[in-house]
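Colleague: Got a minute to go through this one with me? I'd like to pick at a few spots and hear your reasoning.

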4 protein chains.
Amino acid sequence: MERVYRLVMSSPDRVGIVARVASFLAQYNGSILEANHHADLEQGWFFMRNEIKASSLPFSAGKLAEMFAPIAADLDMTFEVTDTDVKKRVVLMCSRDSHCLADILNRWHSGDLPCDIPCVISNHEDLRSLVEWHGIPFFHVPVDPSNKAPHFAEVERLVAEHKADALVLARYMQILPEALCSLLPNKIINIHHSFLPSFIGARPYHQAQERGVKLIGATCHYVTSDLDAGPIIDQDVVRISHRDTVEDMVRLGKDCEKTVLARGLRWHLEDRILVHGNKTVVFS
Amino acid sequence: MERVYRLVMSSPDRVGIVARVASFLAQYNGSILEANHHADLEQGWFFMRNEIKASSLPFSAGKLAEMFAPIAADLDMTFEVTDTDVKKRVVLMCSRDSHCLADILNRWHSGDLPCDIPCVISNHEDLRSLVEWHGIPFFHVPVDPSNKAPHFAEVERLVAEHKADALVLARYMQILPEALCSLLPNKIINIHHSFLPSFIGARPYHQAQERGVKLIGATCHYVTSDLDAGPIIDQDVVRISHRDTVEDMVRLGKDCEKTVLARGLRWHLEDRILVHGNKTVVFS
Amino acid sequence: MERVYRLVMSSPDRVGIVARVASFLAQYNGSILEANHHADLEQGWFFMRNEIKASSLPFSAGKLAEMFAPIAADLDMTFEVTDTDVKKRVVLMCSRDSHCLADILNRWHSGDLPCDIPCVISNHEDLRSLVEWHGIPFFHVPVDPSNKAPHFAEVERLVAEHKADALVLARYMQILPEALCSLLPNKIINIHHSFLPSFIGARPYHQAQERGVKLIGATCHYVTSDLDAGPIIDQDVVRISHRDTVEDMVRLGKDCEKTVLARGLRWHLEDRILVHGNKTVVFS
Amino acid sequence: MERVYRLVMSSPDRVGIVARVASFLAQYNGSILEANHHADLEQGWFFMRNEIKASSLPFSAGKLAEMFAPIAADLDMTFEVTDTDVKKRVVLMCSRDSHCLADILNRWHSGDLPCDIPCVISNHEDLRSLVEWHGIPFFHVPVDPSNKAPHFAEVERLVAEHKADALVLARYMQILPEALCSLLPNKIINIHHSFLPSFIGARPYHQAQERGVKLIGATCHYVTSDLDAGPIIDQDVVRISHRDTVEDMVRLGKDCEKTVLARGLRWHLEDRILVHGNKTVVFS
């Protein structure tokens, strides 16, 4: 696959941003493979993502960032340059349910997910063998319900040790403490098994069955300290009927959960998601 | 179209119900064109719907009901017999938005909706001409926000005068008083412009935009005195993105609203919806 | 609604196009409200669409086109400038089925479709009253199956007389002759009642029933002289089951047809569709 | 889970079938947990599926079949009785792509797929380790392109040796010879990576890209000797855009393929699919 640099930025909206950025890239003969803009007129904010053919530029991603910095400063921009040759390091967390984890591992193993997975952390032993078969270290970090702090301290240590760029909660059934959330802002991805904001919190399929809804859903979002209220990345639904019990919903929901989580993770890895306030711009 | 009698029933679940009902029908040579059963094992409740070719039976729908009554009594059944030659009388209510009303009227006018529409009632004049072009009487019943009682009294009078079997709130933007709701239990159909239970109440698209969801929806439900909490008949969603403003959502949501409402209304007209507690069994 | 100029272009791909176009606009203080690019790497072709706030530019749409022309020439570009204050003139054609026509007319009448509809042409009288209620002239141009030329001659005359910018075949059941197709290339929109390329030609729902498919669909495409083979604009599907007869499919398909056609027409009116070869780029 | 007997049957349609069957079951106090009927009026054929609580009957599944046989004979019925305590033996076949295989294995390993998997057969070695990790024997049976007969002879031998009740082609990229197809009629399930009947045969995503469709799909069907023309079990689609290359389609299509295949396989395992001619009745 073609090596690509990605230049992703956001700033207050004003006339001429695209011209400045595009001229900067053209000046060095940068070949733009994909470009996306979005102007949020209500918020007065501008978002942009460029994929540039690495071989078309006469310098590295680091140098690109350095040379772009003055323009960014001038335009009050927040920006990031990434390089597809430098894979993100994604630590996965899980509990007992294997569907999301197995799905991510299979995609990664097939070469369909462009990231490294330095380790998997779980509060249960159940999925060790599955993880280790993929050649990935598995850490069992038990949770003491009466004192969860040691668990999270150890998680934090492992995340640091493995130099994680992102964390994926693949049906990890613990609420992260604020301190952990703030270590990786907009880089911790969760899958919630409901169509948020419906059925926040525990046992959403039971809530869905109670209410008699005709569609159930799943929501992939960035984790903030406010439970199930972080910026939504993607959602999807699946049709159910009066015949479906809670057990059926759990089973049907799994397909939805794993697909939505995988889609959200891919977009994250490809730097397609820009967070502004509590909402996302997704250049999918 | 083949004339059909529909025998729709529910009862406590027990062994032998289908045998009793099917044997009863077979005894008179009744030809079953479509049959649906559902046993709710948790609630211990049984639901059944049969479509019987009218010409295969040696008696009328009324007589069928009469002859079935002893079996129903024996099995603690609630049941109803309907006849496709006797169309339901559906009164439509609307405010200013035409999309749901125009859609229902076009289906009816094309012969796609098997019902009579004795009149349309609105708290605004706007849609009079559209309704009258279809040859349907239009009643403008204004609402005085400081005293809504006269409005609802007049609505009640019109509903009675036109012998309505059902009421459809086609984006009628007033909350019905309990007294009116209880006149036609499980026969008043509303379309709410959100994926309930998300975004109950006013301005759901604004709420959706605020939360940053990636799908918006519509919910067709029976009206109870508890706002937006009645038994759900059908729901659907439409994908949106960060580019969509509230105005875009309103526009995109319209397609969802009209399709879901039309589907729910059709099922109601075909006696496919059985309500039990606050949930529906839909033999679609 | 904000008045907008749209600058839509395509050209051989090369480095610096975006910079040239964006700099041109920035030079005159043009405020870009929405921008979309696409580089087809396989074909080596570049596509771009810009929405510019009209009031931010010191000149008219005509002047914009004039001033942009040298850049376009330099870059071997095909381009077009449109102005939202100049509505496209869309002539609708229909036969007997009203669902697509009524849906488009209702959207237009509600102010949801930004176009003028100078007239409706049909080979049947059936829908005259519906059309005329909307205040639109209706022309009945009968078809003699043994000699269709006079019909198409008259259609051509009416299209010219009404200065049509686009033609929408809203379930108009005649095949257009090549001469008529070539009058308005990539401006005649058809809705075919199947998921193309499945079930080309007549009676697609019968073909679908015969094959036992589990989804039926609709396809909105530009008309070329090659039946049902023109560039596809949009498609959608609806789930069916073994219970659905051809009549049910016809009914269920209608919702799909009208939604897909309306979506395709909107994109056309907003200059979101660029045709290249037999495929479309849709900046939706 | 409750042990269940399933009585699945089809026959020429006539009055009284349901009464006969339901009365038979009621006579022995059989508790019907789920029942589905379908009368194909055009074909004059009747289909029925009953789930009976095993513990409610005073005899075994075998005895149930024996006692039901005279009724079936009398009504010209084809029927089958199955017992959820006797799991179907499903042999999986694959080539190199792991997505469908890994998905099925994960569902089975999680206890979500009620079947035994006695072995996996492949014409390549690639997926051996994945299969063996699940504790399932893996047989590599190479194909000699110039003489495929030995391959299929060995497949046939393995299928017989492992007493397969069903065969699942989980992206097994060889066409089965007629002799093998006829060994397990309506028990060999394939997933084709297109929305049939579009794009039959090889490289459907390339065909899709060539045609410029806006949705791609997958089709799960029973294998007959007529390539990609067997009875369709289920289909689904996923939206694509002009930005998606063939590689993107392949990736996006995988989610569709594995979900549709898993759904079809589950229905097969639950005896929900009845084949009549070249079409299926699916009591989902």
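Modeller: Sure. Before we touch the annotated site: UniProt positions are given here in the numbering used for this model, and such annotations may be inferred rather than shown by experiment. Also keep in mind that this is a predicted model.

Colleague: Fair enough. Where does UniProt place the feature "active site", and which loop is that in?

Modeller: The record is an unreviewed entry, and it puts "active site" at D228(A). As for the loop holding D228(A), it runs between β11 (215-222) and β12 (232-239) of chain A.

Colleague: Is D228(A) buried or exposed?

Modeller: Buried means under 20% relative accessible area. D228(A) comes out at 7%, so it counts as buried.

Colleague: What does D228(A) touch, leaving out residues up to four places away in sequence? And which side chain does it join in a polar contact of 3.4 Å?

Modeller: Within chain A its contacts include N190(A), L196(A), I200(A), G201(A) and H221(A), and R211(B) is on the list as well. H192(A) is also touched by D228(A). The polar contact of 3.4 Å runs from the side chain of D228(A) to that of H192(A).

Colleague: Let's do aromatics. How many aromatic pairs does the structure hold over all chains, and why is F68(C) with F79(C) called edge-to-face?

Modeller: Over all chains there are 18 aromatic pairs. In the F68(C) and F79(C) pair, the ring centres are 5.1 Å apart. Planes over 60 degrees apart count as edge-to-face. The planes of F68(C) and F79(C) sit at 70°, so that pair is edge-to-face.

Colleague: Which parts of chain C does that pair tie together?

Modeller: The two parts are eleven residues apart in sequence. F68(C) lies in helix α2 (residues 61-74), while F79(C) belongs to strand β4 (residues 78-83), so the pair ties together α2 and β4.

Colleague: And which accessibility class does F68(C) fall in, and which F79(C)?

Modeller: With 0% relative accessibility, F68(C) is buried. F79(C) has 26%, so this ring residue is partly exposed.

Colleague: Last one: what turn lays chain D on chain C, and which residue of chain D comes closest to the axis?

Modeller: A turn of 180° with a shift of 0.0 Å along the axis does it, at an RMSD of 0.0 Å. The two copies are thus related as by a two-fold rotation axis. The same surface serves both, as 100% of the contact residues of chain D recur in chain C. Closest to the axis, at 2.5 Å by C-alpha, is S198(D).

How values were computed
Residues are numbered from 1 along each chain as its sequence is written. Chains are lettered from A and ligands numbered from 1 in the order in which they are written. This is a predicted model: local features need pLDDT of at least 70, side-chain atom pairs count only at pLDDT 80 or more; totals for chains, interfaces and linings use all residues. Side-chain values use heavy atoms; hydrogens and water are left out. Rings of Phe, Tyr and Trp (its six-membered ring) pair if their centres lie within 6.5 Å; planes under 30 degrees apart count as stacked, over 60 as edge-to-face and the rest as tilted. Helices (H or I, at least four residues) and strands (E, at least two) are DSSP runs, numbered from the N terminus. Buried means under 20% relative accessible area, exposed over 50%, partly exposed in between (1.4 Å probe, protein chains only). Contact means heavy atoms within 4.5 Å. A polar contact is a pair of N or O atoms within 3.5 Å; within protein, one must be able to donate a hydrogen and the other to accept it, and residues adjacent in sequence count only if both atoms are side-chain atoms. Copies are superposed by least squares on the C-alpha atoms of residues with pLDDT of at least 70 in both.
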